[in-house]
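Good morning, and thank you for coming. Please look at the sequence and the structure as I speak.

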Amino acid sequence: MASLFQRRRNKATQTERIRERRHEGFLRHADFRWAKISGGLCLLVIISYALVDVTPRHNGGSWYGYTLGTIGAGLILWLTALGYRKRKMTSTAWSLKAWTSAHVYLGLSLIVIGTWHTGFQLGWNVHTLAWALMMLVILSGLYGVIAYATLPKALSNNRDEMTQMQMLEAIRAFDRQLHAAAQPLTPEDTAPVLAALEEDPFAGSIGARLSGRYPKCATAAALRTLSASRSSDAEAREKVVGLLSQKEAALTRLRRHLRIRGLLEIWLYVHVPLTFALIAALSAHIISVFFYW
Amino acid sequence: MSEPVKVAIIGSGPAGLSAASRAAQLGLSHVLLEKTDHLSDTIYKYQKGKHVMATPNRLDLRSDCRFDEGARETILGIWDEDAASNKISVAYHAEVVEVTGEKGAFQIKTAKGDIIVAEHIVLAIGTQGNPNRMRCPGNDLPHIIYTVDDPEDFKDKHITVVGSGDAGIENALGVAEEALENTVTILNRSKDFARAKPKNVSDMMEAGENGSMSIRTETQPKLVEPGWLTLETPTGDEKIECDVIVARLGSVAPRAFVESMGIEFTGPDREAFPKLSPTFETTVPGIYVIGALAGYPLIKHCMNQGYDVVEFLNGNQALTPADEKDLAAIFAGLPQQKSVSEWLEFLRTRIRIFADVSPLQMREFMLDSKIAFYRTGDVVFEKDEPGSSLFAIADGQALVEVAPGVTVPIEEGSIFGEVGLISGRKRGARIRAGADSIFVEVSRTAALKLMGSVPGAKRVINRISLERQLLQIFKGGLTVEDLAPVVDDAEVIRVPAGKVVLQEGDAGDDVYVIRSGSMVVEKDIGGKPIFLRYLPAGSYFGEMAVLSGAPRNATVKAAVGSEVIKLTGAGFKAMLAARPQVREATEKAVAERAQMNSFIESRKASYSSAVDLYSDTATFIMKEGLGEATDALLIDENLCVGCDNCEKACADSHEGLSRLDREAGKTFAHLHVPTSCRHCEHPHCMADCPPNVIHRGPDGEVFMEEGCIGCGNCMRNCPYGVIRMEAAPPEKPSLLRWLLTGFGPGPGEPSPKWTKANMPEGKKPKKIAVKCDMCKGISGGPACVRACPTGAAIRVSPEEFLSIARLEEDAG
Ligand SMILES: Cc1cc2nc3c(=O)[nH]c(=O)nc-3n(C[C@H](O)[C@H](O)[C@H](O)COP(=O)(O)OP(=O)(O)OC[C@H]3O[C@@H](n4cnc5c(N)ncnc54)[C@H](O)[C@@H]3O)c2cc1C
Ligand code: HEM
Ligand code: SF4
Ligand code: SF4
Ligand code: SF4
């Protein structure tokens, strides 16, 4: 009856949810909508800069400079808000992809808006510091976009349907088998194997993680030693050598996985702190402009 | 032989226990026969500490034993007390193996050879049945067990699991847990593990590969001795150390035992139950069936029936069933005023599919159904709305809008909405009330139960649904009469996944309609089968050959287990000859399909790699079981940066628990199918939910409403491993607070450690089933998709994903 109908009618709107049928990356989003908007904005700035006559010359303090400055500062605050928006789930129709798309292209437009705002008057002062920080944030963002565009494929190929947990499990399984297989070895052969067993797959400096090079890898060392050794029973040693090379392969996969994930994330550790530095410098810039000008 | 009793109650579950208590309270001579050495074996065997739920909440408990939700141990303890205080006479170790005689003097024989004589029998043996025993010598040794209560009970043991269905594999994985240090072997009689879920098989294989379990295929036990087990292997006998044998060989359903007493069932299907009168009496006078065996799996129902049945057989005729007020509420909104039993009789005599339904079954169906009054012109449902319930016309008339402005009436007593019921697809047309009408809406589960237990209802529904399906396919211009010759020789054929229905190049002119499931069409191009099209339920194929007379020009095979209806070419031709406009429409459809085929063929010549990729992707998608999906999450790994924001968003919009596992699952050509619900056409998870809380919502989502009792049946039944049994974590501090002060676990599912530390004092976490609900009720749509920063995640149906338009775009 009435209640039955109400349920249906209310829901009818939901069947028309926005649905995406294709995979379309954030760069292409809505047919490069934000690239077009941001490109248009930059053009507008460049052209109007040439047309508007400010005396004695363009600078941040003219009415035109103020306009660009306000737009720029507003944009920076909005770009920063991505960090909040990314983590805040709401129930209304919005998509982080659209935000990221807008973030990237409007962020790039700041190169023009910010630089043209200065009227190309750079020097050793807090104003230029703000500009430089902004350019660094943008540069790091550019790196991020390149990473996002190129690395996922490598991550997918390397993991070959395995999850990170499974990679770790595989290494642990080889460790267990190594532990059993190493029992008949002579003490001098056992020592490097034990060292390999004690190695934490996640250990290693940031440098090692990002480069993927682990010169002090105990598994590799054990493999070298045992391959060259002649001391234990040949059959037992061969078994251990086999297991060690399997473990090395598993370790290589995990390390490659961690490396690519690291490369996909590390830039955010530059991008975000620099953003805060930028906001600090920007505040100093604005305050100094108003109070000491 | 002992003194005859007035009533013997067989089985001491909640139903039997409650019946015995009532008998004791009424002072009837009675005995409660229980096969094990404790009461209520089914509940005794629940996992340790399981929280037992007391649904449905609105139903009052009417029993001499107490019952409220709580831990398994508490409930069993209370029942032991109640059994004692009610002074029930219980005989343990009394497994009934045979019942002979008749009302007044039944002879009940137990496994030990005792004979009990009783005037009446109440059968309350549940549906668990008996586990199949091992058959080799030594099978009576005590170290053979049939369930694993708690894997932690086994430490540092040699354990052999016999049987590799899901139960066996799950037990083996449990005891193979590394910390327990057991040496675990699992035996499988055949080469592969066809009976188990792929997820379980892959977990087991992994355990085999990393050495925590040894998997022996084509191997059977040959001789059991204390500490040792001899195996028969393909390479000869082998003796292995073995301290414990876990035998998981399935169980024999109690049906054969029940039938051996002469009790009739409602039909041959698995869903059938014993035929019962309103007082629970079977077709054998004097034998009553209650509880899960009677089709009522919830504990509260079982206990109420125990009380009622003894009252009935003691001559109480005035007792109204405990569900009377719920039924009254269902009928309350109707314009006419009738009593519950008058209403039930009204429906039974008016509606064709209810004709053979017993009054007791009628009560139950109505509890799972809605009944409503519609004014002339009111819309019942819209075209393309998802929905799988069945409507029956108790009064008035329904109008189907087959085309704008064209309506076809459906008369009183008939049904509508059956397409959604059978195929799980969206509604095919808008339906309005043609007069002031009363319609009954039967939920899919109740309708399936009806079809399983009442053969007459099944016949009527199947015939009507085929007629309607054909009318819908060959829109307009056809009448039910035209269809009669086609429908009369139509044949329903079950096709297992992967089986070929039509082979390219073969002769033949039969036409097929897909009743449920889906098909893929392939064509051999340059020596390679190329995917042409995906056919969902409701489509038809084979019509090209009828019109052209040429051999089949493509191969059609089942994407998932399906049902097709075969119509003979001759009948189909006769129908086309009688109705020229139908022939025209069919020819047009054939021409369109032919054009698409030649498009793909032409592309194949110029853009062979794009066509190959499209075809291989389609094959992969079908292999992953997405042929039965209505909406699945797909991740493009060319775009996915591994930030897991999708999982975090899902958790943050659903009680803190993520319903998807991004990383797990298969990948092909960078297209990744993560572990997340696909909202199957015929959800396997719905099959066996005691409180019946899994439903399909208005957007096609399969979701659980409140009332899950945490039995885990759905988790076991879902072949895709997407259901978790989890307790909701406590509320997290707000996002801003976390951003500013770092207080709390941050976005996403909190770690188990945090959950444990922050669980409010005295709150016992209840583990219930959690799965994707497609973000039901969230107006913006799926949170996982919206939260993906790069656009890697989308939710689509297979038709959308494999549409030809995509190929056109990809091929440029
Ligand atoms: C894991 C799990 C969790 C569940 N959780 C809940 C829940 O939270 N809430 C809820 O309401 N329901 C729950 N259920 C459903 C509920 O437990 C059962 O439907 C209910 O126990 C059925 O009661 P019954 O009395 O009909 O039969 P049962 O409880 O199955 O009892 C039958 C008894 O008969 C005995 N018996 C069998 N054959 C013979 C014979 N030949 N001779 C003598 N004795 C015999 C058995 O040993 C047993 O003790 C759950 C079910 C499962 C499997
Ligand atoms: C001054 C300008 C900018 C500011 C203040 C800024 C600020 C931010 C902030 C605060 C985040 C959120 C990080 C997180 O919480 O994980 C972010 C993310 C990001 N930024 Fe910028 N950004 C700027 C310019 C750019 C530019 C120019 C680009 C690209 C060319 C860019 C690309 C990105 C990308 C790809 C992300 C990650 C999105 C995600 O993973 O969700 N940013 N930025
Ligand atoms: S839970 Fe499993 S069976 Fe149920 S709809 Fe989802 S994928 Fe299908
Ligand atoms: S939703 Fe699943 S776990 Fe919950 S009661 Fe139903 S079948 Fe059991
Ligand atoms: S659709 Fe909603 S409930 Fe389903 S996985 Fe995505 S976020 Fe979770």
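**Confidence and the iron site**

In this predicted model, helix α5 (residues 96-118) of chain A has the highest mean pLDDT among the elements of chain A, 95, and helix α1 (residues 2-12) of chain A the lowest, 32. Here pLDDT is the predictor's confidence in each residue, from 0 to 100, and helices are DSSP runs of H or I of at least four residues, numbered from the N terminus. Over residues 1-18 of chain A the pLDDT is below 50, and this stretch has 40 contacts (heavy atoms within 4.5 Å) beyond near neighbours in sequence.

Local features need pLDDT of at least 70 and side-chain atom pairs 80 or more, whereas totals for chains, interfaces and linings use all residues. Residues are numbered from 1 along each chain as its sequence is written, chains are lettered from A and ligands numbered from 1 in written order, and side-chain values use heavy atoms, without hydrogens or water.

Which protein donors does the iron atom of ligand 2 have? They are H103(A) and H271(A), each through NE2, lying 2.0 Å from the iron; donors are N, O and S atoms within 2.8 Å of the metal (3.2 Å for Na, K and Ca). H103(A) belongs to helix α5 of chain A and H271(A) to helix α12 (residues 268-292) of chain A, 168 residues apart. Both are buried, that is, under 20% relative accessible area (1.4 Å probe, protein chains only).

Why is the arrangement octahedral? The six donor atoms around the iron atom of ligand 2 subtend angles of 84 to 179°, which makes it so; six count as octahedral if opposite donors are over 155 degrees apart and all others between 65 and 115.

Definitions and conventions. Helix = DSSP H or I, 4+ residues; strand = E, 2+ residues; numbered from the N terminus. Tetrahedral: all angles 85-135°; square planar, octahedral: opposite > 155°, others 65-115°. Buried < 20%, exposed > 50% of the residue type's maximum accessible area, 1.4 Å probe, protein only.
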